[in-house]
Amino acid sequence: MAIGLFKLSKNQRKSLTGIFFVLNVLEVLLGATITGISIYVCLAISPMIISEKTEINFVFVVYAIFGGNVIINWLIGLKICQKCVNQAHKKSTKSLLLVWYCAGTNAVITLLIIANMSRKANKHIIKSMKNSIQGGMKTYLSDFESKETIDRIQYELECCGFESYKDWYEVEWIDGTIINAKSPLVEELRFDQSKLTMPIVPWSCCKVDFPLQCLHDPLQQVGFTNIWVDEPNTVSDSLNTKGCVEKMKAPIGWVIDGFIMIISAIVFLHIIIILASRILYTSCRNAILLYDPEGTSPGWVFGRGDCGYARGKTLTEIMGITNEILEQRIIEQKRKERLKAKEEATPKKSGHSEYTTSSKTTGIVERLKKKTHKKEDKAHEEEPKTT
């Protein structure tokens, strides 16, 4: 018994070929999307991470590699689509289809495993971002690269700290070599006498569109020091209060969620492609076996002749054709083949005969000319005697 049996005419096989082609193109585009986004993350977002760039890059490099695998696999599918239609009777087509199914299924299973691990990877990336920014804040004044990266992140994303601007108040990023820790103003501003922590943030935390002077450093803005005590809301209004991790993890989260959706679409399309290709291939093959390439033939997902399965109805039984009709088709097919072979051979034979005839005619003409010349020579020899 055939599973997923469909009887397709020649036009229906053409339509199914078009669907098969479009599905493969969609798979290629989805693979290209995964690869493109992964490269973007590695080039645009990863440089913002001060530490653990290797781990983050590894995640998206793996995505990019398997995105490329998807592209290659379903580009091959476009070629297989042509072989299913034009060379379905060849054993190589059947073998190639099987190998292609295995390669595509392997890619899909791997992508499913990666998608399942993406959530954990996302949590790891967020943790890496927090540790990265926190480490950069501690070395803000001692390491130029950390300072440059932190300022760029805070200025471009309009954020401050890793969770909020108050993170700068709790991290010891200013030491006694830069300021006089025993000055009265420092003593007044310090939150904890055991730590050198004060309400100071870098300039990159300032709001760009704030109409007044940004209040970010009371040690430098000595004339406005009372505002930090009397009007703390004015201070916070001049700063970007949201943390950078929240803003940095948003695009990463969207990418991970988008990848999961894309992978789900790839799996769904892969299943449809396998079913469509099986029906198309078996229908084209059966049309040849029935000696009726232009007519209707059955196609199935799994049936007689697949994987050694020899049960169920035969092709003639499925199509309701008697053995006599099939024999007539075989005879007619052989007659057409003989006529075709004869037509191909006819021009060569006619050309050969023409060449032979023309050569014979030329030989006769030349012999006649020689005889004529001999007679004329004899006539010239006899003329003096007569005179």
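A disulfide is taken here as a pair of cysteine sulfur atoms within 2.5 Å. In this predicted model, the structure holds three such links. One of them joins Cys159 to Cys244, with an S to S distance of 2.0 Å, a value that falls within the 2.5 Å cut-off. The torsion about the S-S bond of Cys159 and Cys244 is about 90°, and the disulfide is therefore right-handed. Because Cys159 is placed in the loop between α4 (144–157) and α5 (167–170), whereas Cys244 belongs to helix α9 (residues 244–289), the pair ties together parts that are 85 residues apart in sequence. Cys159 and Cys244 are both buried.

A further disulfide is formed by Cys160 and Cys205, whose sulfur atoms are 2.1 Å apart. Here the torsion about the S-S bond is about 80°, so that the link between Cys160 and Cys205 is right-handed. This pair likewise connects distant parts of the chain, with Cys160 in the loop between α4 and α5 and Cys205 in the loop between α6 (184–189) and α7 (225–230), 45 residues apart. The relative accessible area of Cys160 is 0%, and Cys160 is therefore buried; Cys205, with a relative accessible area of 0%, is buried as well.

The disulfide between Cys206 and Cys214 has its sulfur atoms 2.0 Å apart, and with -85° about the S-S bond this link is left-handed. Cys206 has a relative accessible area of 14% and is therefore buried, and Cys214, with a relative accessible area of 14%, is also buried. When the bonded cysteines are counted along the chain, the disulfides follow the pattern 1-6, 2-3, 4-5. Cys84, by contrast, is in no disulfide, the nearest cysteine sulfur being that of Cys81, 6.8 Å away. Cys84 is nevertheless buried, with a relative accessible area of 0%. For Cys284, the closest cysteine sulfur is that of Cys84 at 7.3 Å, and no bond is formed because this distance is too far. Cys284 has a relative accessible area of 9% and is therefore buried.

Aromatic contacts were examined next. The structure holds 10 aromatic pairs. In one of these, the rings of Tyr63 and Phe259 have their centres 4.4 Å apart and their planes at 50°, so the pair is classed as tilted. The two residues come from distant parts of the chain, Tyr63 from helix α2 (residues 53–86) and Phe259 from helix α9, with their positions 196 residues apart in sequence. Tyr63 is buried, its relative accessible area being 1%, and Phe259 is buried with a relative accessible area of 1%. Another aromatic pair, that of Tyr140 and Trp173, is edge-to-face, with 5.5 Å from centre to centre and 85° between the planes. Because Tyr140 lies in the loop between α3 (91–138) and α4, and Trp173 in the loop between α5 and α6, this pair ties together parts that are 33 residues apart in sequence. Both Tyr140 and Trp173 are buried. In addition, ring pairs link Phe20, Trp100 and Tyr101 into a cluster.

The nonpolar interior was then considered. In soluble globular proteins, nonpolar side chains tend to be buried together. The largest nonpolar core of the model comprises 77 residues, of which Phe60, Trp168 and Leu239 touch the most other members. At least two residues of this core are supplied by each of α1 (10–45), α2, α3, α4, α5, α6, α7 and α9, and the largest share, 18 residues, comes from α9. Once its neighbours within four places in sequence are left aside, Trp168 is in contact with a set of residues that includes Met137, Ile150, Gln154, Gly161, Met198, Ile200, Val201 and Pro202. Trp168 also contacts Tyr140 and Trp173, the two partners of the edge-to-face pair, as well as Cys160 and Cys205, which are joined to each other by a disulfide. A second, separate core consists of five residues, among them Trp300, Leu315, Ile318 and Ile321.

Key: Residues are numbered from 1 along each chain as its sequence is written. This is a predicted model: local features need pLDDT of at least 70, side-chain atom pairs count only at pLDDT 80 or more; totals for chains, interfaces and linings use all residues. Side-chain values use heavy atoms; hydrogens and water are left out. Helices (H or I, at least four residues) and strands (E, at least two) are DSSP runs, numbered from the N terminus. Buried means under 20% relative accessible area, exposed over 50%, partly exposed in between (1.4 Å probe, protein chains only). Rings of Phe, Tyr and Trp (its six-membered ring) pair if their centres lie within 6.5 Å; planes under 30 degrees apart count as stacked, over 60 as edge-to-face and the rest as tilted. A nonpolar core is a set of buried Ala, Val, Leu, Ile, Met, Phe, Trp, Tyr and Cys residues joined through side-chain atoms within 4.5 Å. Contact means heavy atoms within 4.5 Å.
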